Amino acid sequence: MSPLLLLLCFLLLSNTSHFSSSATTTSPSAPFNSLLPSDAVSLLSFKSKADLDNKLLYTLNERFDYCQWQGVKCVQGRVVRFVVQGFGLRGTFPANSLTNLDQLRILNLRNNSLYGPIPDLSGLPNLKTLFLDHNFFSGTFPLSVLSLHRLIILDTSRNNLTGSLPVQLTVLDRLNYLRLDSNRFNGSIPPLNQTQLRIFNVSNNNLTGAVPVTPTLKKFGIRSFLFNPSLCGEVVNKPCRSTPFFDSPSAAASPPTPLYQDAQSQGILLAPPTQHKHKKVGVILGVLVGILIVIAAILCIFAFVKKRREETEPKATKCTIETITSSAVNTNASGPVDNSQEIIKLEKEVKLTQGPQQLKSGNLIFCSGETELYSLEQLMRASAELLGRGTIGTTYKALMASQLVVTVKRLDACKTSITSSEAFEQHMEAVGMLRHPNLVAVRAYFQAKQERLVIYDYQPNGSLFNLIHGSRSTRARPLHWTSCLKIAEDVAQGLAYIHHASKLTHGNLKSSNVLLGSDFEACLTDYSLIALADISSDDDPDSARYKAPEVRKSARRATPGSDVYAYGILLLELLTGKPPSQHPHLSPLDVPDWVRAMREDDNEEDRWLAMLVDLASICSLTSPEQRPTMRQILKMIQDIKDNAMVENNKRDAHTGYS
């Protein structure tokens, strides 16, 4: 063998041994090249266990490529933000992966299919935002979270967590958002005293005992504690049962001894009840029975008179879902209705043998494994308040006897008659499976004869339309650019999820179909319902302006591209405060000047505003091929947000603020 060949063999063997030794120095939880930056190793370790279906397309060609990966944001080469919300991840959250990102500020894993216990998070001392909700995490509350003293947002809702809530939750004194609802937590609620807490929810657990009466917990309504049957106390307006002094089985088995007998057995002289007292009680009972008989007679007479009056001159005196669904309510009008207390005039008499009984022959179908919290009969008997009339139906707020509030969409029978019963059911099953923080969840639906109802969560803070345009008597100023950016990101999150998680589209995006949630997050509603209806006769000018040219000029159904076009129009409505029907037809070059003129302000943040205007212009291009996808739009919005945040932090550091 020649000396040159021997040298080559030696070099190959030495390189092999080098790589082998490098591999042995790498921990089993991170089987990657030890020469990679530690943050890249952490991300790849997470992907190896949490992304069994390879949804995260991570490739590493250069040393710092990981800063360009989906959901990753770096500052000076360190990962500060990891957001993979709604990516369809399936697997476990491995220890010694993301938990080693010691510069991480935001961790968002919500709306995936991650399971198993939540690992030790104490290695994230700079973490401020933690979203783990809408997964399948199990085990107990992660006690390591208590060491994250900078934490502002904590959400572990809609998982399978069990055990008690730690009393030490009070040490997280910066919390302003805490959601632990829809798990299986038991025990008592800690005496939370965080003065900055604004969002709080522990509903749908197995919590017990009296809710602590702290200033913090007293400011939250009953909705934050619903579906914990054993909770009681002043905060939830439910008296607690007094604990028996003797709790032994023998004491419980024996009937209580009358006080005077017990006292006599102990040598204490107490007079027994006298006959006079018995007579007095009898007189009182007799009077009460007489009063009840008189009241019953009056009620019978009143009911008889009312029935005769209804037979001769029928009219609605109380509005319920049952009476609404039995009437032919005109739903041709479009847009929001300002008079929420409007009493609906019924056009024909409701007979006991007609509408309601036919309606109840159908079934209330809950979507995607939802818990059946109410029956069809309870829903039908709910008191109803008109919220608005839209393109394909009328929306009501329904208050049930249990004090649960839902939103009921009654679809227009004429417009949806093109859809068969089977097609309606299949479509609603697909729509009902969509779950995302920026979508108003479809909880149930119903159909029978010509009635079709869709039941949503109730959103208490109104619509984006009302937020932008204010009351009719005043001219509302456009929202601040930061508010526009936040709403734009929320809406983009919801649309991107619809497009990515299903083959559906929204199809009817407009400001009245964007509702504001409990912490004023923007949530899409009425998504994918337009596919059930024939809306060729809809002539509302604002709705028409939202339609992309390729949809407006033909009978084509909505596409992801037409949703993007509507998103661009919505963004211009946000930035200018003008409804779409008042938007002038301008070239993209002229749009920025028009937006500035409508806003009547010129501050130091003008360039961030200009970026949003450019994005709106790109989204509303005439050619659908030139429009970006919703994922690309979301990335652009997040880049604007992150760059603005970095610049603000630099400005604060320069001026001495921290």
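What is the order of the strands in the open sheet of 7 strands? In this predicted model, the order is β3-β5-β7-β9-β11-β13-β14, and the pairing is parallel. The edges of the sheet are formed by β3 (90–92) and β14 (230–232), each of which pairs on one side only. On average, and with direction ignored, neighbouring strands of this sheet are turned by 20° against each other.

Within the sheet, strand β11 (residues 184–187) runs parallel to strand β13 (residues 206–210), and the two are joined by 2 bridges. In this pairing, L207 of β13 has G187 opposite. Helix α2 (residues 38–50) packs on the sheet, where the helix touches β3 and β5 (113–117). The direction of α2 makes about 115° with that of β3.

Several loop residues were examined individually. N204 is located in the loop between β12 (199–201) and β13. Although N204 is not a glycine, its phi is positive, at about 60°. The relative accessible area of N204 is 33%, so this residue is classed as partly exposed. A positive phi is also found at S528, a residue other than glycine, with a value near 70°. S528 belongs to the loop between β22 (522–524) and α13 (541–546). S528 counts as buried because its relative accessibility is 2%, the limit for buried residues being under 20%.

N111 is placed in the loop between β4 (106–108) and β5. With a relative accessibility of 10%, N111 counts as buried. Neighbours within four places in sequence being left aside, the residues in contact with N111 are G86, F87, D133, H134, N135, R435, H436, P437 and Y497.

On the surface, I284, L285, V287, L288, I291, L292, I295 and L299 make a nonpolar patch of about 760 Å². One of these residues, I291, lies in helix α6 (residues 275–312). I291 counts as partly exposed, with a relative accessibility of 43%. Elsewhere, L387 is part of strand β16 (residues 383–389). L387 is partly exposed as well, at a relative accessible area of 29%. The C-alpha atoms of L387 and K409 are 9.8 Å apart in space, and the two residues are 22 residues apart in sequence.

Side chains of opposite charge can pair when their charged atoms come close. A search of the whole structure gives 19 salt bridges. Among them is the pair D457 and R443, whose side chains meet with an N to O distance of 2.7 Å. D457 lies in strand β20 (residues 451–457) and R443 in strand β19 (residues 442–448), so this salt bridge ties together parts that are 14 residues apart in sequence. The two partners fall on opposite sides of the 20% limit for burial: D457 is partly exposed, with a relative accessible area of 23%, whereas R443 is buried at 12%.

A salt bridge also forms between the side chains of K486 and D490, at 2.6 Å from N to O. Both residues belong to helix α12 (residues 481–501), where they are 4 residues apart, about one turn of the helix. K486 counts as partly exposed, at 37% relative accessibility, but D490 is buried, with a relative accessible area of 7%.

The salt bridge of D639 with K635 has its closest N and O atoms 3.1 Å apart. D639 and K635 lie in helix α18 (residues 630–655) and are separated by 4 residues, about one turn of the helix. D639 is partly exposed, with a relative accessibility of 27%, and K635 is also partly exposed, with a relative accessible area of 41%. In addition, R81, E489, K641 and D642 are joined into one network by salt bridges that share partners.

Note on methods:
Residues numbered from 1 in each chain as written. Predicted model: local features only at pLDDT ≥ 70, side-chain atom pairs only at ≥ 80, totals over all residues. Heavy atoms only, no water. Pairing = 2+ DSSP bridges. Axes fitted to C-alpha atoms, helices over the stretch in contact; angles between N-to-C directions. Contact = heavy atoms within 4.5 Å. Buried < 20%, exposed > 50% of the residue type's maximum accessible area, 1.4 Å probe, protein only. Patch = residues over 30% accessible without salt bridge, like charges linked within 9 Å, V, L, I, M, F, W, Y side chains within 5 Å. Areas by Shrake-Rupley, 256 points an atom, 1.4 Å probe, with all protein chains shown as cover. Salt bridge = Lys/Arg side-chain N within 4 Å of Asp/Glu carboxyl O.
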